[in-house]
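Got your viewer open and a selection box ready? Here's a short walk through the model, one selection at a time.

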Amino acid sequence: MQTPVPDYLHEVLDSLREDNSGETAQYIPELANADPTPFALSITTATGSTYCAGDSDTPFSIQSISKPFAYAAAIMDRGLDHVLKTISVEASGEAFNELSLEDGTNRPKNPMINAGAIAAHSLLVGKDATAAARNQRVLDMFSSLAGRELSVDEDVYRSELTTADHNFAMAHMLRKFGILTDDVHEVVAGYTRQCSILVTVNDLSMMAATLANGGVQPVTRERIIDADTARQVMSVMAVAGMYDGAGDWLTRVGIPAKSGVSGGLVGVLPDQVGVAAFSPRLDSHGNSQRSRRIFERLSSDMDMHLF
Ligand code: DON
């Protein structure tokens, strides 16, 4: 059930509407041309009540917000030990599209940066899984998390794939180092498809609330992620979800979070709420400018800082 809470949530949005700084993601043509005006906020409690304001039914591609959830799937499909042998859990201190491999092991530093997320996608389902099976795994899992059938934005998918040379280059490096053993093209295409799944802020707050609720979807009551994996994912979001801004974010806002280049931002407060915001203009780290400010406001008004 989605219940609008007009006063406070609308007031938060209205107080930030005049901030038109930043621009939409320029390196993906379909996102560069996206309407920059939609603005939305949604909060879902760990008991399944959703409160939203603004353009909360406007769909957008999930982009990097897919990474924590696909990482959860990889852990459940392959076991944490195996996933840790492939992808580390350290802050990279670098931008999301840097290779950021760990000295000695050549593992990507974490699963929130592109290199780590490409590796995580390759681990889905099982050792000899087909590309189609990995794609289906992601779509089915995200649909269960959102509590409705999701779909892929084929235009965003094609648009990103035709300009994905940077991700292809990194995936080739991962293969050279033995981190990736599958076909590079299939894995990058699958990862790009994963990033192109369409969601609304209401979907994202429900997905985040499932993590907050220890892996049980708060409305359907289905266990989608086991409790240890949910904890692993929230911990990595705290360490690296905001890339090279992760330390500043955790100290100031104090909510484990994940951003995406289409303008979405989700946060998780364990046992309490999942929060999602959407506004397409990005700051210099590639995070949504207004969404970041929403979280700053909520954290301070409602004392949501974890510490
Ligand atoms: O791989 C990419 O570059 C995009 N599909 C996702 C990057 C992203 O969302 C970065 N987050 N702020």
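Start by selecting strand β8 and showing its side chains: V273, V275 and A277 point one way, while G274, A276 and F278 point the other, and all of them are buried. The model is a predicted one, by the way. The back-and-forth pattern is what you'd expect, because side chains in a regular strand alternate between the two faces of the sheet. Color the run 273–278 by burial and you'll find that 6 of its 6 residues are buried, so to speak a mostly covered strand.

Now bring in the neighbors. Which strand pairs with β8 over 6 bridges and spans residues 264–269? That's β7, and the pairing is antiparallel. To get the register, pick V268, which stands opposite G274 in β8. Follow the chain from one strand to the other: β7 and β8 make a hairpin with 3 residues between them. Stop at D271 in that turn, where phi is positive, about 70 degrees.

Next, select residues 40–45, strand β2. This strand also pairs with β8 in the antiparallel sense, over 6 bridges. For a marker here, use S42, which sits opposite A276 of β8.

Stay on β2 and add β3, residues 50–54. The two run antiparallel, joined by 5 bridges, and I43 stands opposite Y51 of β3. They form a hairpin too, with 4 residues between the strands. Click on G48 in the turn: its phi is positive, about 100 degrees. As for β3 itself, the strand is mostly covered, with 5 of its 5 residues buried.

On to the helices. Select α3 (66–78) together with α5 (114–123). Their axes are 8 Å apart and the packing angle is about 40 degrees, so the two helices are oblique to each other. The crossing is left-handed. To light up the contact, pick K67, A70, Y71, A74, D77 and R78 on α3, then A117, A120, H121 and L123 on α5. Color that set by class and you get 6 nonpolar, 1 polar and 3 charged residues.

Keep α5 and swap α3 for α9, residues 184–195. Are α5 and α9 roughly parallel or roughly perpendicular to each other? Their axes cross at roughly 100 degrees and come within 9 Å, so the pair is roughly perpendicular. On the α5 side, the contact residues are A117, I118, H121 and S122; on the α9 side, they are V187, V188, G190, Y191 and Q194. By class, this contact of α5 with α9 divides into 5 nonpolar and 4 polar residues, with no charged ones.

Leave α9 on screen and add α6, residues 131–146. These two pack at an angle of about 20 degrees, their axes 10 Å apart, and that makes α6 roughly parallel to α9. The crossing of α6 and α9 is right-handed. The residues to show are A131, R134, N135 and V138 from α6, with E186, A189, G190, R193 and Q194 from α9. This contact of α6 with α9 has 3 nonpolar, 3 polar and 3 charged residues.

While you're there, click Q136, which is found in α6. Draw a distance from its C-alpha to that of Q194: the separation is 9.6 Å, for residues 58 apart along the chain. Q136 counts as partly exposed, because it has 14 C-beta neighbours inside 10 Å.

Two stops left, both for backbone fans. Jump to S100, in the loop between α4 (80–86) and α5. Its phi is near 45 degrees, a positive value in a residue other than glycine. Is S100 buried or exposed? S100 has 25 C-beta neighbours inside 10 Å, so the residue counts as buried.

Then head for D303, in the segment after α13 (289–302). Here phi is near 55 degrees, again a positive value in a residue other than glycine. The surroundings, though, are another matter: D303 counts as exposed because it has 8 C-beta neighbours inside 10 Å.

Notes: Residues numbered from 1 in each chain as written. Predicted model: local features only at pLDDT ≥ 70, side-chain atom pairs only at ≥ 80, totals over all residues. Buried ≥ 20, exposed ≤ 12 C-beta atoms within 10 Å, placed from the backbone. Pairing = 2+ DSSP bridges. Axes fitted to C-alpha atoms, helices over the stretch in contact; angles between N-to-C directions. Parallel < 35°, antiparallel > 145°, perpendicular 65-115°, else oblique. Left-handed = near helix turned anticlockwise from the far one by under 90°. Contact = placed C-beta atoms within 7 Å. Nonpolar A, V, L, I, M, F, W, Y, C, P; charged D, E, K, R; others polar.
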